[in-house]
Amino acid sequence: MESESRQAHWENVYTSKGENEVSWFQESPAPSLALIAGIGVTPASGIIDIGGGASRLVDHLIDQGFRDVTVLDLSAAALEAAKARLGERAIRAHWLVADATNWEPSRVYDLWHDRAAFHFLTEEHDRAGYIAKLKQGLKIGGHAIIATFALDGPEKCSGLPVMRYDPALLGQTLGAGFNLLRSHGNDHATPWGSQQRFQFSVFQRVG
Ligand SMILES: C[S@@+](CC[C@H](N)C(=O)[O-])C[C@H]1O[C@@H](n2cnc3c(N)ncnc32)[C@H](O)[C@@H]1O
C-alpha cells in the first residue's frame, strides 16, 4: 500500500471512530507495561511507540516518570486524540506524524515499542523500510517490543490484511542483529467482546 493511501485510511479511522470503537482499544496496555518493566529501562531512557495511535501507553509511561517518550503515528488525528486526553501532560511527550517505513530518525532510542503496526506491512519493501528505520533508530543494546497478531490471530485488522507471526518468524523477518529475549501469547478482548490472539516479543539489538 502506498504511504498516502495508508495515511488516508488511518486518518479516516481516527476521525470517524471514538477511542473505544476500534478493535485494538485497551483500557490498560498491561502486556506492554509488564514487558517494559522487565527490560531495565530508566526514567531517562528514550522510548518510542511506533504506530502508537491513540493508545494509553504514553499516559502510563508519563505517569511512571519516563521523561523521554515519543509517539509516532501516520495519523495526526490519532495523536491529537491522545494529546487531548492527556491535556497538560501532553507536553511531557514528543509527537511525530510519520510513516514508520520511511521516516528519518534524528536520534536513537533505548526502547522501540510497536503494538499492531508492523503487522500491517504485507509487502516486502515496506517491511525492509521499517527494519532499516528500526536499525537506524534503536541503539545497539537497546530493546524492541513488537506485538503482532499471532499465527492463529485474525487475518485482518481495521479492514486491512495483516501478516501474522510467531516469535521465531518475527525474529527471522527482522534478520540478523536482533536476539529474541522473550515472548508470550496474549488474548486481547475487543470492546465488543471477541478475542484476538497476539504475540508479544522482546528483542535486543546486538549489532
Ligand atoms: C491497530 S492500531 C494500534 C494502535 C496502538 N499501537 C495501540 O496498540 O492501540 C495501528 C496503528 O498503527 C498506525 N500505523 C499503521 N501503519 C503505519 C505506518 N506505516 N507508520 C506509522 N504508523 C502506522 C495506525 O495509524 C494506527 O494508529
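**Exercises: who holds the ligand?**

A polar atom in the side chain of Asp73 sits 2.6 Å from an oxygen atom of the ligand. You're looking at a predicted model, where local features need pLDDT of at least 70, side-chain atom pairs count only at pLDDT 80 or more, and totals for chains, interfaces and linings use all residues. Numbering starts from 1 along each chain as its sequence is written, and side-chain values use heavy atoms, with hydrogens and water left out.

**Exercise 1.** Work out which ligand atoms pair with Tyr14 and Gly51, and how much of the ligand the protein buries.

*Solution.* Start with Tyr14: an N or O atom in its side chain is 2.6 Å from an oxygen atom of the ligand. Now go to Gly51, where the backbone supplies the polar atom, 2.8 Å from a nitrogen atom of the ligand. Last, the area: on its own the ligand would expose 590 Å², and the protein buries 98% of that (Shrake-Rupley method, 1.4 Å probe).

**Exercise 2.** Find the elements that give two or more residues to the shell around the ligand, then pick the one that gives the most.

*Solution.* Look along the chain for α1, residues 3–16, and β2, residues 69–73: these are the elements that give two or more residues to the shell (DSSP runs: helices, H or I, of at least four residues; strands, E, of at least two). Then compare: α1 gives the most, with 3 residues.

**Exercise 3.** Count the residues around the ligand, name the closest, and sort the shell by type.

*Solution.* First, the count: 18 residues surround the ligand (a heavy atom within 4 Å). Next, the closest: Tyr14, Gly51, Asp73, Ala100 and Arg115. Finally, sort the shell: 10 residues are nonpolar, 4 are polar and 4 are charged. Watch out for two of the closest names: Tyr counts as nonpolar, and Gly as polar.

Note on methods:
Polar contact = N/O pair within 3.5 Å; in protein donor to acceptor, adjacent residues only side chain to side chain.
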